[in-house]
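Me: I have a two-chain model on my screen and would love to talk through how its chains meet. Could you walk me through the interface?

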There are 2 protein chains.
Amino acid sequence: MPKYKVIIQKIIEQIEDKKMKQGDKLPSIENLMDIFNAGKNTILKALNVLEKQAYIYQVAGSGSFVRKSKRSGYINLTESIGLKDHLSAFNLETKMLDLQIIKPDQDIMDNLNVDKDDDIYYVKRLRSVNGKGYSIEESYYVKSVVLYLNQEIVEDSIFKYLLENLNIEPGFTDHFMTLETLNKTESDLLELEDGSPVMLLESIFFLKDGTPFNYSKVLYQQDAQFFVQGYSYLDM
Amino acid sequence: MPKYKVIIQKIIEQIEDKKMKQGDKLPSIENLMDIFNAGKNTILKALNVLEKQAYIYQVAGSGSFVRKSKRSGYINLTESIGLKDHLSAFNLETKMLDLQIIKPDQDIMDNLNVDKDDDIYYVKRLRSVNGKGYSIEESYYVKSVVLYLNQEIVEDSIFKYLLENLNIEPGFTDHFMTLETLNKTESDLLELEDGSPVMLLESIFFLKDGTPFNYSKVLYQQDAQFFVQGYSYLDM
């Protein structure tokens, strides 16, 4: 693991163990260089990642400070790390409902920038938390990027497989969130009443070079909770 | 207006007028310096803001590219610019339902880091879009930061007032989103059925130095749509 990631993990441990709490000032960059026996660029990189992950905030000319601890059990939409990591505190189970190679319809062509002849992996999954239906996911992967999928991968973590086996790292994601109601098929799957309200999260995942490779539509039952970090762009 | 903001506006115009579309490469930094008669730092600042605002993405060693045009009518949670700006294409009206100075309860104390004796501005507003109830907002402002509020300000844009009159610029925001159902009072206000599903958006707005100054709870009727930009932190 690269050094800056080790540093990130150690600082996160301090914050999660409440050894440092909201508003506490982190050691100076020079002190952090000493503590971790690391160069300035490594420390700066670690601090920037910690800021993006909302563990700290940096004040120009003043230092870095611990940010309020995140509420647990919330899905962080600002970070693209896969549901399994977001809900690591819970007993998340994944059941594959469908996996096939299809040709895209217009909606998929628009969102993934593909042609009608391109191959697309279609995946449908049911996620459960502590034995209770949590979400229904329909997801479309561009096969020329995501070369292979099978049931074992799909029932574990696709995100982890992409990272570790295909060396695919998402660069950024667009999320669109609306409120919907379940139809009969969906409510049966989630064991909820027909017409129950759910959150629909549509997401488009892009490679770092801007190529969209995954388009997903996930219906979350009403106990799901989402966290988003906002920024003011005014002075960036 | 600072030069980098002028450059941002001109590039956004090009993208919104579809003169540049998804995947199109922007001129190089050197060319942009010529086109806008600006220094390198100014160009870099403009590009960084455009990336944060999801208009472009930057690929290391390769350049900047136009990102897919955002869907209109979505509230962008990643940018903290106030509902009025997000919904500028619509006819948004704001009615003040309550404005008073109160002492905080435990929930407010926890979220705003204030004492039980601190003064808090409590604001309740009903927002309507094209004459139809859109959201009910209850918002708490730390009076020692937000020194003064009145009906005129509250029915226009509080965000604009903070920026232009009090010189307060939010640094970052934590958003928490859950699904709720309306009670009788709320459903009457929004002219919806009792028990209708709504999105609850809780937000804590922080100054750049990390001080929380506003805590708000907004119920959005079900046509509201939200946009979030996600990042992969893996390689930042």
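Me: How much area do chain B and chain A bury between them?

Reply: Happy to help! This is a predicted model, where local features need pLDDT of at least 70 and side-chain atom pairs pLDDT 80 or more, while totals for chains, interfaces and linings use all residues. Side-chain values use heavy atoms, leaving out hydrogens and water. Buried area is the accessible area (1.4 Å probe) lost by two parts on being put together, summed over both; 58% of it lies on carbon and sulfur atoms here, and the total for chain B and chain A is about 5,500 Å².

Me: What relation do the two chains have?

Reply: Superposing by least squares on C-alpha atoms of residues with pLDDT of at least 70 in both copies, chain B lies on chain A with an RMSD of 0.0 Å after a turn of 180° and a shift of 0.0 Å along the axis. That is therefore the relation of a two-fold axis.

Me: Which residue of chain A forms a salt bridge with D174(B)?

Reply: A salt bridge here is a side-chain nitrogen of Lys or Arg within 4 Å of a carboxyl oxygen of Asp or Glu. The rule finds two across this interface. In the one with D174(B), the closest N and O atoms are 2.1 Å apart, and the partner is R67(A).

Me: In β10(B), which residue is the bridge partner of F176(A)?

Reply: Strands are DSSP runs (E, at least two residues), numbered from the N terminus, and two of them pair if DSSP finds at least two bridges between them. Strand β7 of chain A (residues 170–181) runs antiparallel to β10(B), with six bridges. Within β10(B), the partner of F176(A) is F227(B).

How values were computed. Residues are numbered from 1 along each chain as its sequence is written. Chains are lettered from A and ligands numbered from 1 in the order in which they are written. Helices (H or I, at least four residues) and strands (E, at least two) are DSSP runs, numbered from the N terminus.
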